[in-house]
Amino acid sequence: MGKVTGFLEHERSERSYRPVAERVRHWREFVVPLGEEDTRTQAARCMDCGIPFCHNGCPVNNQIPDWNDLVYRDDWQSALVNLHSTNNFPEFTGRICPAPCEEACVLNINDDPVTIKTIECALVDKGFEEGWVQPQPATTRSGKRVAVVGSGPAGMAAAQQLARAGHDVILLEKEDRIGGLLRYGIPDFKMEKTLIDRRMAQMAGEGVVFRTGAHVGVDVNVEELVAAYDAVVLAGGAEAPRDLADTPGRELDGIHFAMDFLPQQNRINAGDPAPVDRIDAAGRKLVVIGGGDTGSDCIGTSTRQGARQIVQLEIFDEPEENPDLSLVWPYWPRRLRISSSQKEGSEQHYEIETTAFLGDEAGRVRALATRQVRFEPGRGFAPVPGSESEIEADLVLLAMGFTGPVRAGLVDRLGLVLDARGNVAADTENYRTSCDKVFVAGDMRRGQSLVVWAIREGRQCAHAVDSWLTGCPSDLPR
């Protein structure tokens, strides 16, 4: 795979970033590609490891050694065909996936894995540049009609696969543009939205019909939708945010969910007028509660808006920067990961719990009352005596993740059975819900997760729907 001795001859080399002072002045992507020759060199590092653990590390089971070898041999077009055989949207995963495949790479035993994500992104971007990515319409039509609800990566993947199987597919989205959280949750500096638009053009050429402004269960009658189609796929995501509802002062002005904040800036970047109730971090002392990707996105967005100060709070302890990989490889390690947004200027504080929001006379948040905590197995988080403190803030963003799908509307109207975690219940073989003709995939079924898991579930759900509609084993890959 690649060059037999490549991993001995070449060191790992990753994409670089534009300087902080430059990139915070705009909303465009700022990752600098390696270049074609350097990418081939990195592909040469893919060793003949015998058992490619990266396959299992990747939720869509990308055939990574195969396309690395093809890139090394300068057969990029064949490599892209291989990549697309398992992943509908490598331009998304090549930008925003945390790359569990790299953690599973055999070379990661020495902590210098193959730059799989970089090669993947370079491969698909070259494919679009060269015009290799074209619609793949079905040669025969089934006459079956499928409605896919939700146009995030799970819904897009399911819709594309079902259209290629010959079914008539409509993709319904409650917002005014297609893309789900890819469109309105991921900041433009991490993934520009033209990437979604060019995929939509391919999908339209394959027969997918897009319908925006269609909030199923609210302004679209869900019972009539199910009756009108041969199958319905629910891919509405896990949009119910985790809150601090019982924390004193939660009602103060200036405290918002991250997903009320991030979409506003994406809409402005797309040319929409700023809303009257815009949440603007300019000149603010911001506290972001939550240490994950969404919190990081809030930091990068606020930096570009001109926040005066940014503090990020995480309730868990600070991970090790270089954990002992021999204890966890090839599984995902818990390690300290400093995001590009965090590097642009913010403070991170670990093992901090917010006990109250403190307000001024006008009813706006002015500070957070906090204390240190320690996690104790079997007991949860225990406060550290004498650790109480205050953090100044006139803007607070809650980025603590999501608790599952929104139940009001679609879920409640269909009376769908939920699992123990509050997600729509369905297995990973048939993806069928408790409602006849209705299937579910992505975060709506598995809970908050990664874009690559959403693509996997959309593909597997499409395979199950196709088999159910035709009564025969599906030719679609899982």
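Which residues in helix 5 meet which residues in helix 9? I started my notes on this predicted model with that question.

**Entry 1: helix 5 and helix 9**

I listed the contacts from each side. Helix 5 brings Ile64, Trp67, Asn68 and Val71. Helix 9 answers with Ile116, Ile119, Glu120 and Leu123. I then sorted this contact by class: six residues are nonpolar, one is polar and one is charged.

Next I looked up the geometry. Two packed helices are described by the angle between their axes and the distance between the axes. Helix 5 covers residues 64–72 and helix 9 covers residues 116–130. They pack at an angle of about 60 degrees, and their axes are 11 Å apart. I therefore noted helix 5 as oblique to helix 9. I also checked the hand of the crossing, and helix 5 and helix 9 cross in a left-handed way.

**Entry 2: the sheet**

I turned to an open sheet of five strands. Its order is 8-16-9-10-11, and the pairing is parallel. Which are the edge strands? I found strand 8 (255–257) and strand 11 (347–350), each of which pairs on one side only. Neighbouring strands of this sheet are turned against each other by 20 degrees on average, direction ignored.

I then took one pair inside the sheet. Strands pair through backbone hydrogen bonds, either parallel or antiparallel. Strand 9 (residues 285–289) and strand 10 (residues 309–314) run parallel, and five bridges join them. I picked out Ile289 and found that its bridge partner in strand 10 is Leu313.

**Entry 3: helices across the sheet**

I asked what lies across these strands. Helix 14 (residues 258–269) lies across strand 8 and strand 16 (395–398). Its direction is at about 75 degrees to strand 8. Helix 15 (residues 293–305) lies across strand 9, strand 10, strand 11 and strand 16. I noted that helix 15 runs at about 175 degrees to strand 10.

**Entry 4: Asp188**

Is Asp188 buried or exposed? I first placed the residue: Asp188 sits in the loop between helix 11 (181–184) and helix 12 (194–205). Its relative accessible area is 12%, under the 20% cut-off, so I recorded Asp188 as buried.

I then looked for its partners, leaving aside neighbours within four places in sequence. Asp188 is in contact with Trp27, Arg28, Glu29, Lys193, Asn266 and Asn269. I followed up on Trp27. Asp188 and Trp27 are 161 residues apart along the chain, yet their C-alpha atoms are separated by 5.8 Å. Two other partners, Asn266 and Asn269, took me back to helix 14, which spans residues 258–269.

Terms used: Residues are numbered from 1 along each chain as its sequence is written. This is a predicted model: local features need pLDDT of at least 70, side-chain atom pairs count only at pLDDT 80 or more; totals for chains, interfaces and linings use all residues. Side-chain values use heavy atoms; hydrogens and water are left out. Axes are lines fitted to C-alpha atoms, for helices over the stretch in contact, and angles run from 0 to 180 degrees between N-to-C directions. Helices (H or I, at least four residues) and strands (E, at least two) are DSSP runs, numbered from the N terminus. Angles under 35 degrees count as roughly parallel, over 145 as roughly antiparallel, 65 to 115 as roughly perpendicular and the rest as oblique. A crossing is left-handed if the near helix is turned anticlockwise from the far one by less than a right angle, and right-handed if clockwise. Contact means heavy atoms within 4.5 Å. Ala, Val, Leu, Ile, Met, Phe, Trp, Tyr, Cys and Pro count as nonpolar, Asp, Glu, Lys and Arg as charged, and the others, Gly among them, as polar. Two strands pair if DSSP finds at least two bridges between them. Buried means under 20% relative accessible area, exposed over 50%, partly exposed in between (1.4 Å probe, protein chains only).
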